[in-house]
Amino acid sequence: AIGRLAEEGIGAALLRPITLYPYPYAKLGELAAPVEFVMSVEMSMGQMLEDIELGVKCAKPVHFYGRQGGLVPTPEEVVDEVKKHLAAGKGGK
C-alpha cells in the first residue's frame, strides 16, 4: 500500500512494531509530525487506537481500518481508505 500510494504522489509511512512493550511512542510521534492524519490498520477491533493517540499526543486525527476473523486488508483497500480520508480534507472523519 505504501508503494502504491507513492506511485500516486501520496506520501505515507509504515510503523509495524515487533513488540508492544515498551511501545514506540517516540518513533510514532516522529513519523506523525509531518502528516495530516494517522491510520491504524489492524486485524482486530482497534485495540491499538489508544496507544496511537497517545503516541501522536492527540495532535493528529487517528483513523481506524480493520476487521476480524483473520481477513487481512488488501493493499487496495488500504489505499482506498487513505484516499477517502484525504478527500474529506485534513484527514477527514
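Modeller: Contact means heavy atoms within 4.5 Å. The model is predicted, so local features need pLDDT of at least 70 and side-chain atom pairs count only at pLDDT 80 or more, while totals for chains, interfaces and linings use all residues. Residues are numbered from 1 along each chain as its sequence is written, and side-chain values use heavy atoms, with hydrogens and water left out.

Biologist: Among contacts between residues at least 6 apart in sequence, what share joins residues at least 24 apart?

Modeller: Take the contacts in the chain between residues at least 6 apart in sequence. The share that joins residues at least 24 apart is 58%.

Biologist: In what pattern do the helices and strands follow along the sequence?

Modeller: Both are DSSP runs, numbered from the N terminus: helices are H or I with at least four residues, strands are E with at least two. The chain has four helices and two strands. Read along the sequence, they give α-α-β-α-β-α.

Biologist: What radius of gyration does the chain have, against that of a compact globule?

Modeller: The radius is taken over C-alpha atoms, and the globule rule is 2.2 Å times the number of residues to the power 0.38. For 93 residues that rule gives a value near 12 Å, and the chain agrees with it. The C-alpha trace spans about 35 × 35 × 25 Å along its principal axes. The radius of gyration of the chain is 13 Å.

Biologist: What percentage of the residues in the chain is buried?

Modeller: Buried means under 20% relative accessible area, exposed over 50%, and partly exposed in between, with a 1.4 Å probe and protein chains only. The chain has 93 residues. The buried portion is 29%.

Biologist: Is A32 buried or exposed?

Modeller: A32 sits in helix α2, residues 25-32. Beyond its neighbours within four places in sequence, A32 contacts V38, V56 and K60. Its relative accessibility is 5%, so A32 counts as buried.

Biologist: How far apart in space are A32 and R4?

Modeller: In sequence, 28 residues separate the two. In space, C-alpha to C-alpha, the distance is 20 Å.

Biologist: Which residues is S40 in contact with, leaving aside its neighbours within four places in sequence?

Modeller: S40 belongs to strand β1, residues 38-42. At 5% relative accessibility, S40 is buried. Its contacts are M48, L49, I52, H63, F64 and Y65.

Biologist: How far apart are the end C-alpha atoms of α4?

Modeller: The expected span of a helix is 1.5 Å times one less than its number of residues. Helix α4 covers residues 75-87, 13 residues, so the span should be 18 Å. The model agrees, with the end C-alpha atoms apart by 18 Å.

Biologist: Where do the buried residues of α4 fall, seen down the axis?

Modeller: The buried residues are V78, V79, E81, V82 and H85. The arc is that of the directions from the helix axis to the C-beta atoms. These residues fall within 160°, so they line one face of the helix.

Biologist: What covers the buried residues of α4?

Modeller: One of the covering elements is helix α1, residues 2-7. The two strands named as cover, β2 being residues 62-66, complete this partial list: α1, β2 and β1.

Biologist: Which residue just after α4 takes a positive phi?

Modeller: The phi in question is about 90°. The residue is G89.

Biologist: Which residue forms a salt bridge with R4?

Modeller: A salt bridge is a side-chain nitrogen of Lys or Arg within 4 Å of a carboxyl oxygen of Asp or Glu, and the count comes to five. For R4 the closest N and O atoms are 2.2 Å apart, and the partner is E76. R4 lies in α1 and E76 in α4, so the pair ties together parts 72 residues apart in sequence. R4 is partly exposed at 36%; so is, at 42%, E76.

Biologist: Which residue forms a salt bridge with E8?

Modeller: The closest N and O atoms are 2.7 Å apart. E8 is in the loop between α1 and α2, and its partner, 75 residues away, is in α4. E8 is partly exposed at 44%. The partner is K83.

Biologist: How many residues apart are E81 and K84 in helix α4?

Modeller: Their side chains meet in a salt bridge, 3.2 Å from N to O. E81 is buried at 12%, whereas K84 is partly exposed at 45%. Residues three or four places apart point the same way, because an α-helix has 3.6 residues a turn. E81 and K84 are about one turn apart, and the separation in residues is three.
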